[in-house]
Amino acid sequence: MVGGECISNHPIFNTSSGVGYVTNIAGVNTYVTGSPLAILAIVLISDVYGFKPPLLRKIADKVAHHGYFVAVPDFFHGEPYTDGNVSRPFDPWFKDHDPAKGIETAKPIIEALKRKGASAVGVAGFCWGARTVTNLGKAKLVKASVLLHPSFITADDIRGVEVPIAILGAEHDTISPPKLIKQFQQVLNAKPEIDSYVKIFPNVSHGWTVRYDPNDPKAVKAAGKAHKIMINWFDKHLKKY
C-alpha cells in the first residue's frame, strides 16, 4: 500500500463542524471562514480525508481568528478517501488523486482569491497536501508556505521552493521520517536567501496536527504548538503586505 500511515488514524467526526460555511471558489466546493474583508488569505490543503473533518475546520477557524480569510478546498471533488470502502481501496483511489496534480485545482482558487482582493496568499498542506504546497512555492504563486507531516515529497521538491517555507515533522513517521526531514533542512540551509524553519516534534506520529484526539490533553497540546508555529509563520511573512 502507498503511504499506509496516511490512513493509520482516521479523523474524529464527533466535534463541532466549524463556524464558517461551504461556498464555491473557482468551481470547487470550499469551506471558508474569517472576515470576507480580510486582505490576507490562507489556503489549507487537507490530507486524504478531504475538507470535511471537523478538526481541520477548527484549525481553519483558529487561523481566521488571527485576521485571515481562510479557504479549505475540496481537492478530491466529493471523493475523499473513505476507510473500509472495499470497492475503493487506497491504492486505486490514490492513483486517481495524484498529489502532483493538486496544483491544477489550487491555481484557479488562488487566482480567484486575489481577484477578490487578497493582497497576499499563504498555503499550508497536511500530509497529501504537501506536494501541492511545494509546487505552488516553486511557481511563486504564494508568499509563504507550511508543510505539516508532509507526504510524497523529496529533497528535490524542497530544493525548488522559492518562497518562505516552514516544515513540521513528526518523530514517529515512516513516510517522512526524521532522517528525511533533516535532509529537507540541509537543502534549505544551502538556500539562505529563502527564509525557512524546520522542526521535528518529539513523541508524536504522522497526522498529529489534524487527526488528534480532542479528548487527549497531550495530543491537543502538541497539535496546538504546531498550529501556533504555522500561524506565526504566516504572520511573519504575510502581514507585511
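**Briefing: a buried helix, salt bridges and loop residues**

Tyr 31 is buried, with a relative accessible area of 1%. This residue belongs to strand S2, and its C-alpha lies 6.2 Å from that of Pro 73, although the two are 42 residues apart in sequence. The model is a predicted one. The points below treat helix H1 and its surroundings, the segment before S1, two loop residues with positive phi, a buried aspartate, the salt bridges and a charged surface patch.

**Helix H1 and its packing**

- Helix H1 spans residues 54-64, and 9 of its 11 residues are buried, so the helix is largely enclosed by the rest of the structure.
- The buried positions are Pro 54, Leu 55, Leu 56, Arg 57, Ile 59, Ala 60, Asp 61, Val 63 and Ala 64.
- Two of the residues in this buried set, Arg 57 and Asp 61, are named here for their charged side chains.
- Five strands and a helix receive the buried residues of H1: these pack against S1 (21-25), S2 (28-33), S3 (40-45), S4 (69-73) and S5 (120-126), and against helix H7 (217-238).
- Strand S2, one of these packing partners, is also the strand that holds the buried Tyr 31.

**The segment before S1**

- Gly 20 is located in the segment that precedes S1, and its relative accessibility of 25% places it in the partly exposed class.
- Beyond residues up to four places away in sequence, Gly 20 touches Tyr 31, Val 32, Thr 33 and Asp 61.
- Among these contacts, Tyr 31 is a residue of S2, while Asp 61 is one of the buried residues of H1.
- Gly 20 and Arg 115 are separated by 95 residues in sequence and by 21 Å in space, C-alpha to C-alpha.

**Loop residues with positive phi**

- Most residues other than glycine have a negative phi.
- Ala 26 has a phi near 55°, a positive value in a residue that is not glycine.
- The loop between S1 and S2 contains Ala 26, which is partly exposed at a relative accessible area of 43%.
- Lys 140 likewise has a positive phi, near 55°, and is not a glycine.
- The loop that holds Lys 140 runs between helix H4 (130-138) and strand S6 (144-148).

**A buried aspartate between S3 and H1**

- Is Asp 47 buried or exposed? With 4% relative accessibility, Asp 47 counts as buried, under the 20% cut-off for that class.
- Asp 47 occupies the loop between S3 and H1.
- Apart from neighbours within four places in sequence, Asp 47 is in contact with Phe 76, Phe 126, Cys 127, Trp 128, Val 210 and Arg 211.
- One of these contacts, Phe 126, belongs to S5 (120-126), a strand against which the buried residues of H1 pack.

**Salt bridges**

- The structure contains 9 salt bridges.
- Asp 157 pairs with Arg 131, with 3.8 Å between the closest N and O atoms.
- Because Asp 157 lies in helix H5 (residues 155-159) and Arg 131 in helix H4, this pair ties together parts that are 26 residues apart in sequence.
- Within this pair, Asp 157 is buried at a relative accessible area of 7%, whereas Arg 131 is partly exposed at 23%.
- Lys 239 forms a salt bridge with Asp 235, the closest N and O atoms being separated by 3.3 Å.
- Both partners are partly exposed: Lys 239 has a relative accessible area of 43%, and Asp 235 has 22% relative accessibility.
- Shared partners join the salt bridges of Glu 79, Arg 88 and Asp 96 into one network.
- Within that network, the bridge between Arg 88 and Asp 96 has its closest N and O atoms 2.7 Å apart.

**A positive surface patch**

- Which residues form the positive surface patch? Lys 114, Lys 140, Lys 143 and Lys 240 form this patch.
- Lys 140 is exposed, with a relative accessible area of 56%, and is the patch member noted above for its positive phi.
- Lys 140 thus contributes to the patch from the loop between H4 and S6.

How values were computed: Residues numbered from 1 in each chain as written. Predicted model: local features only at pLDDT ≥ 70, side-chain atom pairs only at ≥ 80, totals over all residues. Heavy atoms only, no water. Patch = residues over 30% accessible without salt bridge, like charges linked within 9 Å, V, L, I, M, F, W, Y side chains within 5 Å. Areas by Shrake-Rupley, 256 points an atom, 1.4 Å probe, with all protein chains shown as cover. Salt bridge = Lys/Arg side-chain N within 4 Å of Asp/Glu carboxyl O. Charge placed at Lys NZ, Arg CZ, Asp CG, Glu CD. Helix = DSSP H or I, 4+ residues; strand = E, 2+ residues; numbered from the N terminus. Buried < 20%, exposed > 50% of the residue type's maximum accessible area, 1.4 Å probe, protein only. Contact = heavy atoms within 4.5 Å.
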